[in-house]
Amino acid sequence: FGIWASVAINIAAGINEIAIIGTEMIPSLKEVLLEYIPNKILQSTNQGSNLPLFDKKACLPNTFIYLCRNNSCNSPVESTSELFTAVDNQLI
């Protein structure tokens, strides 16, 4: 039943795809890992990557956090508090 419930939540609520990109991304990554965000895929890089979630996103000294769904990303944010607000707004 637990697996069925998990699949039902993924179908109903969708999956949050979070990409953290930047040479100084470690503090932001730690903050995101400490926060409970259900149904998430989290990827991070401090250098360029050819993974699909990082496609056409530059790795700059500033840290940028992208919230994506269905292979479509929102505008990047620079703080985890903005990310958490965006995740909360998508749940409504």
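Contact, as used in these legends, means heavy atoms within 4.5 Å. The views show a predicted model, in which local features need pLDDT of at least 70 and side-chain atom pairs count only at pLDDT 80 or more, while totals for chains, interfaces and linings use all residues. Residues are numbered from 1 along each chain as its sequence is written, and side-chain values use heavy atoms, with hydrogens and water left out.

**View A. Phenylalanine 84 and its contacts.** Let's start with one aromatic side chain. Setting aside neighbours within four places in sequence, phenylalanine 84 is in contact with Glu31, Val32, Glu35 and Ile37.

**View B. The largest nonpolar core.** A nonpolar core here is a set of buried Ala, Val, Leu, Ile, Met, Phe, Trp, Tyr and Cys residues joined through side-chain atoms within 4.5 Å. Buried means under 20% relative accessible area, exposed means over 50%, and partly exposed is in between (1.4 Å probe, protein chains only). The largest such core has 12 residues: Ile18, Ile20, Met25, Leu29, Val32, Ile37, Ile65, Leu67, Val77, Leu83, Phe84 and Val87. At least two of these residues come from each of strand 1 (16-21), helix 2 (26-34), strand 3 (64-69) and helix 3 (80-91). Helix 3 gives the largest share, three residues. Helices (H or I, at least four residues) and strands (E, at least two) are DSSP runs, numbered from the N terminus. A second, separate core of seven residues includes Ala19, Ile21, Tyr66 and Cys68.

**View C. Isoleucine 18 in strand 1.** Isoleucine 18 belongs to strand 1, and it counts as buried because its relative accessibility is 0%. Beyond residues up to four places away in sequence, isoleucine 18 touches Ile37, Lys40, Ile41, Leu42, Gln43, Leu53, Ile65, Tyr66, Leu67 and Leu83. Measuring tools in your viewer should be set to C-alpha atoms for the next pair: isoleucine 18 and leucine 29 are 11 residues apart in sequence and 10 Å apart in space.

**View D. Serine 28 and threonine 80, a polar pair in contact.** Serine 28 lies in helix 2, and threonine 80 lies in helix 3. Serine 28 counts as buried because its relative accessibility is 11%; threonine 80 is buried too, with a relative accessible area of 6%. Leaving aside neighbours within four places in sequence, serine 28 is in contact with Ile20, Thr63, Ile65 and Thr80. On the same basis, threonine 80 is in contact with Ser28, Glu31, Val32 and Ile65.

**View E. The disulfide of cysteine 68 and cysteine 73.** A disulfide is a pair of cysteine sulfur atoms within 2.5 Å, and a search of the whole structure finds one. The sulfur atoms of cysteine 68 and cysteine 73 are 1.9 Å apart. This link is right-handed, with 90° about the S-S bond. Which of the two cysteines is buried and which is partly exposed? Cysteine 68 is buried, at 0% relative accessibility, whereas cysteine 73 is partly exposed, at 33%.

**View F. Lysine 57 in a loop.** Lysine 57 sits in the loop between strand 2 (40-45) and strand 3. With a relative accessibility of 19%, lysine 57 counts as buried. Not counting residues up to four places away in sequence, lysine 57 touches Ile21, Tyr66 and Cys73. Proline 76 is 19 residues from lysine 57 along the chain, and their C-alpha atoms are separated by 10.0 Å.

**View G. Nonpolar residues at the surface.** Phe1, Ile3, Trp4, Val7 and Ile11 form a nonpolar surface patch with about 720 Å² of accessible area together. Patches are made of residues with over 30% relative accessible area and no salt bridge, with like charges joined within 9 Å and nonpolar side chains (Val, Leu, Ile, Met, Phe, Trp, Tyr) within 5 Å. A salt bridge is a side-chain nitrogen of Lys or Arg within 4 Å of a carboxyl oxygen of Asp or Glu. Accessible areas come from the Shrake-Rupley method with a 1.4 Å probe, and for residues only the protein chains shown count as cover. Valine 7 is in helix 1 (residues 2-13), and it counts as partly exposed, at 44% relative accessibility.

**View H. Leucine 34 in helix 2.** Leucine 34 is found in helix 2. With a relative accessible area of 76%, leucine 34 is exposed. Leucine 34 and serine 49 are 15 residues apart in sequence and 24 Å apart in space, C-alpha to C-alpha.
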